[in-house]
Structures are given as C-alpha cells and as structure tokens.
Amino acid sequence: MWRRCAVVFEPADPPRAGRLAFWSPDGGPPPDDVPGDGGELTVAVPDGAGVTVSTVAARRLPVGTALPLLAEAGAQADAHPAAAFWSAAADVALHLVARGRLLPGVSPAGFDAWRVGPLDADDVGRIGALGAAMPGWARAVPVPDVGGVRLPAAYPLLRAFLDAVADDLPRDRDADGTAYAGRAPRRVDGLRDWAAELAAGVDAGVRVSLRLEVPGGDPAAGPWQAVVQVHGLADPGLVADVAPVWAGAAAGFDARAPQDVVLAVRRAARVWEPLRRLLSGPVPDRMVLGDDEVAELVDGAARRLAAAGVAVRWPREVERDVSVRALVGAGSGGSGAAGGRVFGAGALLSFDWQVALRGEPLTAAELEVLAAARRPVVRLRDRWVLVAPEVVARAREGSLPAVAAVDGLAAVLSGSTVVGGEPVEVVADGWLARLRERLATPDSATPDGAGPDAGVAVPAGLTATLRDYQVRGLRWLVRMTSLGLGACLADDMGLGKTVTLIALHLHRQADPATAGPTLVVCPATLLGNWEREVRRFAPGVEVSRFHGPDRSLEAVTGGFVLTTYATMRLDAARLARFGWALVVADEAQHVKNAGSLSARALRLVAGGAGARVALTGTPVENNLDELWAILDWATPGLLGPRTVFRRRWADPVESGDEAAARGLARLVGPFLLRRRKSDPDVVPELPAKTQTDRPVALSVEQVALYEAVVREALARLPDTAGMARRGAVVSLLTALKQICNHPAQYLKEDEPVLAGRSGKLELLDELVDAIVAGGGAVLVFTQYVAMGRLLRRHLRGRGFGCELLHGGTSLPRRQELVDRFQAGAVPVFVLSLKAAGTGLNLTRADHVVHFDRWWNPAVEDQATDRAYRIGQTRPVQVHRLVAEGTVEDRIAAMLSAKRELADAVLHSGAAALTELSDAELAELVVLR
C-alpha cells in the first residue's frame, strides 16, 4: 500500500513544478497504486550513526496530483511517519489557500509564482511547530555538506512545500498564456520590485506599527505624535523604534532593515495618505499629527491600517471604549406590553442614538459635553476619552426618523441596522426587549403568563389530541399572528402541520377580532387531503373548494376555502377582494421564486388578510433567495428588498461568513419554526409507524378514460353471466385501477410522456421531493410491474437515483439492488408488491408509498414491514395514494369501516366484488 511508503518533497523553480516522491523504506519497488512517473531516488536514511545514503526506486507525482493521496494518508493509523507528516503539511497548506492567504511573487529564476502569505502570528506558530516536528524520513533527500552529506533543513523545506501548493491550486489549465493564471512558467522579471513592495511589511522584510504619544502626557494640550516601530517577522518579540534600526544599533535587525522599513511605510501610506510625510524626511521615524488626523485614525483609519498589517497603539491613559448604538422604542402606533397587533399596517418604531462609555450609556449632561466637542479627545468621568467624529455627530443628532415597525423589529432581532451605508449595533429596552426575548424562544412549552400566547389551550372544537410539540407550534402561531406578524411552520413531513393549522383556525374563531374564513392555497394533489382533514378534525366547520369551472365565493361566510396555486393565478383579483381572516400557503416552496406568477398572485390575494402562514417542509432547497421569498410573503418587509437582503445577508452567508450567518439566524429564527423527526424532543412523541391515506384528484385525461370505461362496461354487463360476467368485472376493476395510476399504463403506451397526466404521479413527485430534500429514503410499492417501470423512468428523468425490483429480478441482482439502497446509493426504491412484499430488510427507508391499493391491507402491511422492522431506528411514515371519488376511494372507505363487504374483500380479494349486482357494482365504480 502506498500510504506505507516514505514520502519526500523535491522543491523546484517555479514552486508548482515541485514533486513528491514515494518510495519503499525496505528498498523494494514502489507500489503500483501510485499513479506517478517511475525513476531512481537518492536518499539518506537516518540511522544511529547519522545517515546512510542509498539509491531506491520511486514514483514522483506533481503536488496537485499527490494532495488527495496525502489527505487519505492522514486518516490512516498505519501510515508511514513521512506520509503522515506531509499529510499534516498539506492540511495546513489547504487551510491557508482556503482563507485566501496568497501573495504573488517572482521566483529566483524569474518565473511567476504564488506563495502562502501574509501569515498571522498563529500561522507562524503553527508552521514553526510543524517544521520542528518533521521526521528525518520526510526530508531524506541528502544535500552536500562539508565532509559528506546531510539532511536538508526542515523549516525551509516545509515553506517550499506550502508555497508549491499555493502556486499550484489557483491555476487554470486552460489559461496557460497568462501569468499567475496558467500552469506554464512565465518569465516576469520586470515585476520583481512590484512583488517585493506588495509583500513588504506583511510577509517580507520587517513589519511596522505606529505608537501614538502625547508629549507632556496631556491629551488636551499640544499635538500628538506617531512613532514608527519595527518588528521582526520571524520573531514577534523583536521590536525597536526606527531611529536605532536606521543607525544600525538595534540588535536582531540586519543591514537590509532600513530598506524594508521604507517599503513597508510606502505600502502603509497607500492605506492612509498622511503617512507619506514620513518618506520625505531623512529617517521615517516619527510625525506630528493634527487633530483631524487623530480623528481619522479613531474614525476608521486605524482599523484599515490594522487590516493591512500595521497596528496602531494608543496611549494607555486615553480611553477608547466608546460605542454608538441605535436604541429602538415605540413610536406613534406602537403598543407596548399589551401585546396587541403592534406590527400591523402603519405601526412605527422610533430610533434614538445611544452613546456608551465602557458599555454604560452617557447621561444627558455628558452627551451635551460630547456634542460640544471640537477636538477628538474630551474629558468624561475623570478620564480622557478619544471619540470619533461619527460619535460626536450622533450625539448632536439625537434621533433618527421613525421606521415601519416590522423594519425596527428586524433590526432588533438581527442586532444591527445600516445607517449611511455602515452597520450600526441595535439594542432595545422595555416591552420591545421583552418581546425580542419571547420571539427568540418560539418553541417554549410553558407560557410565562404574559404575551398573546399565554394560556393558549387546544380548541374545544378540535377532535384530535395534539402532541406536545404540536401544542407548542399552535402557541407559536397564535403568538405571531396575534402580533400582526406572519409565520412559516417548516416541520418535517408527517409531523402534523395540517392539524396544527386547523387548530389555529379554531382558536382564532373565538375572538371576533380574528374570526373569519381561512383561505388555503395548495397544490391540486392536496385538495382532497385538506378537505378530509378539516372534516375529520373540525367537524361542523364549513369547508369548500374554490376550484373547477363553477367555483364561487358567494356562499362563503366562514370556515375553510381551499384552492390551488393554478386557480389562484387565474382568479387572484377576485380572491383578493374577499376579506380573509387568514391566508395559508401550503407547500410554500411553490412560491420560492418571488418573481413567478404564483408568487405575485399570492401577494395580491393576501394583501388585506388578517394573518399569513406559510407551511413547508423545505424552506430552503437551493439558495437563500427562496427563504427570502417565503418570509417576505409571510411578513412583508422583514428581510428588506431582495437586492438588499442578498447584499447584506445572502452573499456573505453563502460565502462562509459565520457572523452573517448568526445574524441572519437571529433575524429569521422567530419567524420560522423548524422541527425534525430526529429532534430529541420530537422523537419520543412520534409513533413508530404512521399511516395516512392521501386522496388525489384525477387529471382531465384520467376522468375521461375512467368514465368511458365505466360506461362501456356497465352497458355490457346485463348481457353476461357466470364466468364471463366475473371475468368482465375483474377486467373492469383492473382497468380502473390502471387508469387511476396513469393513463399510459392503461393504454400500454411505448415511451409515453408521463408528467402532467396523473394526479397520483404529481403527488408522488411532491412526496419524493420533500423526502429526499430532508435526507430521507422511500420505498414505492405497486402491484404492476409495468407501472413500476414507468415510475423508475420518470423518477430517473427528474434526477433521482432509483432502482426497480420485481418478480423477474434474478436473485444475485435482487441482493445487489437491496445492498445499493441500504448503502444509500439511491434514495428511491420501486418494488413490485408481490415480489418484494416479504423477505427483504430495507430499514434505510423511513417512508413507504403504496402507489396503488391492494384489496387486502394485510398484504400492504407485509410490504410496509420491509422498512418497519427490527433494525429501523426512525419512525416510518406510510402514504397510501387513493384516487378521489373512484373505486379505490370507495374500497378504502369500506376497509376503514370494516363492513360486511369489506370482510369479504379481505378474505377473497377482487373475487368478492364479482358477486355484486349490477346496481351495487355501479354504486362502487361510478366516478363521483
């Protein structure tokens, strides 16, 4: 194995041409699994008496090719010490490159070359410690020495390797004609001075800093001075003023130090222009500062210099811990502790500037002293205090214009706002501070006796027992909507978002201020499910569909109105004129593109609504723009315009800015409640297996086929008897079930178009999207191999890994497919019900979909138990797809009611249905 090889690095010019050589310590041939060039290598192997020089066979790899091998070696306990060392070195190099620690330079031979830098103190310490730990095996290529050979010095060899990685990774193989971009060496001798000045003061020569002094010790009298100090790069403890360095009297600095100081000061002057005055004198050692220049340093110039590697050191006797924050409170329209609808239209919040010294707000009298200041230093609390012009301006300004309440709340939650293009810290006090704390803990199970959700109980009209996490979700929804804020309930699929929303509707009906009809906008595949859930959990509550050619709102006085995104787009203006107490966007990821017709129509429809709630299991699928679209609909203005949101939050977060990620989390956290099935406080409440019937509407094509087949069959049945009649009934039932699955299955089409023709297939797409996005896996059972093939083709066409197992699958192939699914190679496994209903262990799946119904639920249960069995560590959710208003729907109802006919079906399957009379059969199969 190659990882047991010794590894050495051979530097080159330019650095990217360096190579790593792999060789066997026992003198044997190098391993065949190293894809490099073969050849001989002279090595000096350490032994007790020194080193033994020998020639061995080796394989040499370019640095970029060797990096994956080195990364793998670092994870192996049996790796050779040399391989382990260069693996650690590669890790350091990759981290430096990832942080952008790259400097352009010119190699000794005059080629374009990148190198690592600038390095901070931690980097220097880490590289120094690693170099000190380099084993002799890692530098076994000998170099000439007096009277023999020796091993190369560790630290320079390590730096050469780091520079080789830095010189290799940023380059593009297709840009060979461009310096610093292509891989081919390019002579750039004319850039040597430019590169030296670029690195001066940060990664070459010496580093400089500025020490500020007040002659006489009185900051209020006399001018300030800036004294230039010199620091050794290799030894952070080596420091001296410029004057002795210039005179050659400072120990530890060589004769080139004065020249390096000039380069470093010249580079610093590009950051802060006044430093150019240092270059006009005979020695760049000190300069007098005017009040305006001291103010510039306080106001941001010192920060810019520090970012460029030039620290500014202030006098100890001067206090600089002065901060400016925006203090948010209620303005006109704000309502405090009452907890009313404080964030409705027209509500305002006021911003006042708060100046603090060491965290303690200044008094009114102190603010007057500050506002009257004409110099950057003032006397406050018996101390000299440096204040930036911005701080003085804020003290004079006093307050900012009032802002929309939701904008103020966003600033409070994120902890910052932008004033004049600069971020400003935001604080709140009083009722707004208390509200922030409450919003920051949306999943609190126990109300604290204050606020709109205190004492919220499960509505009496709800015929369901809510689990604890669902009760917490209800309280959270009540709190947010009562404040006039929107909300996004983003629980995992199967955690009961629908029943929680029904409970919210019932709760709001108890208060005349919030009572009224609720509009639910959802995909067409979920209309039937919503209607059944409302009738099941809120019996007596009116529920109607605004869907189809005869849709109307005339009879709506309350309850639920259900519509689809497609219908909403067509009738947005009509729906917008209705006075909705609550608008719900189910599967809200359908409006994740804010510019889409659906998203614009939804904004119009909800414009005058009393409250808005988005329901989705996948609030972010691709990028943060999707989150913005959903939350900006739920609580308009919370995240600002999309361009501002992207500049302030999305771009920094997506580029890895952890501070921005924390700020965005603070901002959106109160408005988005996300619970997963794996959460510790959710798992104990979930049953091991949940079974749900998922009613779906037939497509127009399915309806036409279904009605035609029923009409033709019922017309022929009176003329048949005995076995012929029984066969005709079985054929009818089979045809109807196939039509319910997909027209292409019934019509036996070759290479059919599948999308848009089946309600079941549309719902399956919805389910698979959500399951896979949540990291789950799903088994899809069908009793028809032909349908299984169609499903596999369709899902693969949508980009999902999918396999199919049926009765014709050979035993070796069967085991191979099972192993692939269990190993996570594919998230979707389509199976023939009979062939896969027993004998398989598929515990990777946490979802089971029965695409078509078997007459005997026991057979379905056996199939479900492929996932729900010993070894399953997660709750299993079972989805049974039922074509609404069809024979499937009626059989499912009978099986649920356990009537006499259902018992016959359980024992005899479809054969029991062949004994029905013509009238009974018509009652069973006619489409409703």
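This passage looks at a helix, a cavity and some unusual backbone geometry in a predicted model.

Helix 9, which spans residues 364-371, makes a pleasant starting point. Its buried residues are Glu366, Leu370 and Ala371. Viewed down the axis of helix 9, these buried residues fall within an arc of 140°, so they line one face of the helix. Ala364, Ala365 and Glu368 are exposed on the other side. An α-helix has 3.6 residues a turn, so residues three or four places apart point the same way.

Turning to internal space, the structure contains four cavities of 30 Å³ or more. The second largest cavity holds about 50 Å³. Strand 9 (206-213) contributes the most to its lining, with three residues, and helix 7 (257-271) supplies at least two. Among the lining residues are Val208, Leu210, Val265, Ala268 and Val310. The lining of the second largest cavity comprises eight nonpolar residues, one polar residue and no charged ones.

The backbone offers a few curiosities as well. Most residues other than glycine have a negative phi, and most peptide bonds are trans. The bond joining Asp13 and Pro14, however, is cis, with omega about 5°; Pro14 sits in the loop between strand 1 (6-10) and strand 2 (19-23). A cis bond also runs from Gly117 to Pro118, with omega near -5°, and Pro118 belongs to the loop between strand 6 (112-116) and helix 3 (121-132).

Positive phi values appear at Glu587, about 50°, and at Lys748, near 55°. Glu587 is buried, with a relative accessible area of 19%, whereas Lys748 is exposed at 63% relative accessibility.

Methods. Residues numbered from 1 in each chain as written. Predicted model: local features only at pLDDT ≥ 70, side-chain atom pairs only at ≥ 80, totals over all residues. Heavy atoms only, no water. Buried < 20%, exposed > 50% of the residue type's maximum accessible area, 1.4 Å probe, protein only. Helix = DSSP H or I, 4+ residues; strand = E, 2+ residues; numbered from the N terminus. Arc of directions from axis to C-beta. 1 Å grid on protein atoms, 1.4 Å probe; cavity = no way out; pocket = protein on both sides within 12 Å on 5 of 7 lines; lining within 4 Å. Points joined across faces, edges and corners; volume = space filled by probe spheres on them. Nonpolar A, V, L, I, M, F, W, Y, C, P; charged D, E, K, R; others polar.
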